[in-house]
Amino acid sequence: MNGDDLRDATAPGTDAPVALVTGASGALGAAVAHVLDRRGYRLALHCATGADRARAVAAELSGPSVVVQADVADWAATREMVERVRAELGGVGVLVNAGAIRRDGFMATQSVDDWTRTVTVNLIGTFHTCRAALPDMMRARWGRVVNVVSPAGLIGVPGQTAYSAAKAGVLGMTRSLALECGRFGVTVNALSPGLMATALTEEMPAGARTALTARTAFGREGTPDEVARGIELLLDADYMTGQVLSIDGGMSIS
């Protein structure tokens, strides 16, 4: 890292910590934002599209927030987004990577563009946001990174080779990054939700949803609010890093 990366991470005008949530226009990202807002964080709500939805989430929050828009697959755009967050709210202390895309298809017939885009957004995009935000945390000697993954990164799912590969890659990155960041007081963990009613799953065939639901211990889908509660544990656990917190109704153990 160079000197420009390790700029002063203190927040202008207030000591309230700053959290950046990617995919905040989605159901899980919005639920995470509400949890962080209740805990007193100032929120940077990222969206790639759906800026109106992100602004609606911001309007529901009690504390200061800003909506930022960027394609996290683009390094320059991601770096510019984080610089805007620094300028408007202060250095990032918590990063929750909740944004994702899923383009399913059997590898033998899926387009190369769809496969590559899925991996680029989900894996390389997570690298971009971590790379842009981590210097603030390392300078402050405290931080929390939470990468939202999926049971697809833990178990095989036909038709999701790209999504599974990307999420498995994020898991590996999470574990290695945790070892790099521990001496700076920064924890890096993964949160793995099960099937939820979100935009990412709404186009899933009914048969596939039924089969996945049957793999849970409860026989039902989870909710974004149930999953978002796991963020509180990952915020408070000073000695937990490089781990996967699965809130999937037991899907990944069946």
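## Terms and model

A residue is called buried here when its relative accessible area is under 20%, and exposed when that area is over 50%. The structure described below is a predicted model.

## The sheet as a whole

Seven strands make up an open sheet, and their order across it is β3-β2-β1-β4-β5-β6-β7, with parallel pairing. The edges are taken by β3 (65-69) and β7 (244-247), each of which has a single partner strand, so one side of each lacks a neighbour in the sheet. From one strand to the next, the twist averages 15°.

## Strand β4 and its neighbours

Strand β4 covers residues 94-97, and both of its faces are covered: Val94 and Val96 lie on one side, Leu95 and Asn97 lie on the other, and all are buried. This arrangement can be read against a general rule, by which the side chains of a regular strand alternate between the two faces of the sheet.

On one flank, β4 pairs with strand β1 (residues 18-22) in the parallel sense over four bridges, and within this pairing Val21 stands opposite Val96 of β4. Strand β5 (residues 143-148) also runs parallel to β4 and is joined to β4 by four bridges, with Arg144 in β5 as the bridge partner of Val94. Between β4 and β5 the chain passes through helix α4 (residues 112-140), and this β-α-β crossover is right-handed.

## Strand β6 and Ser192

Strands β5 and β6 run parallel and are joined by six bridges; in this pairing, Val148 has Leu191 of β6 as its bridge partner.

Ser192 belongs to strand β6, which spans residues 186-193. Is Ser192 buried or exposed? Ser192 has a relative accessible area of 0%, and is therefore buried. Leaving aside residues up to four places away in sequence, Ser192 touches Val149, Ser150, Pro151 and Leu154, together with Val244, Leu245, Ser246, Ile247 and Asp248.

## Helix α2 and its two faces

Helix α2 runs over residues 51-60, and its buried residues are Ala51, Ala54, Val57 and Ala58. When the helix is viewed down its axis, these buried residues fall within an arc of 115°, so they line one face of α2. The general geometry of an α-helix, with 3.6 residues a turn, means that residues three or four places apart point the same way.

The buried residues of α2 pack against α1 (27-38), β2 (42-47) and β3, whereas the face turned away from the buried side carries the exposed residues Asp52 and Ala59.

Technical notes. Residues numbered from 1 in each chain as written. Predicted model: local features only at pLDDT ≥ 70, side-chain atom pairs only at ≥ 80, totals over all residues. Heavy atoms only, no water. Buried < 20%, exposed > 50% of the residue type's maximum accessible area, 1.4 Å probe, protein only. Helix = DSSP H or I, 4+ residues; strand = E, 2+ residues; numbered from the N terminus. Pairing = 2+ DSSP bridges. Right-handed = clockwise from strand over helix to strand, strands pointing away. Contact = heavy atoms within 4.5 Å. Axes fitted to C-alpha atoms, helices over the stretch in contact; angles between N-to-C directions. Arc of directions from axis to C-beta.
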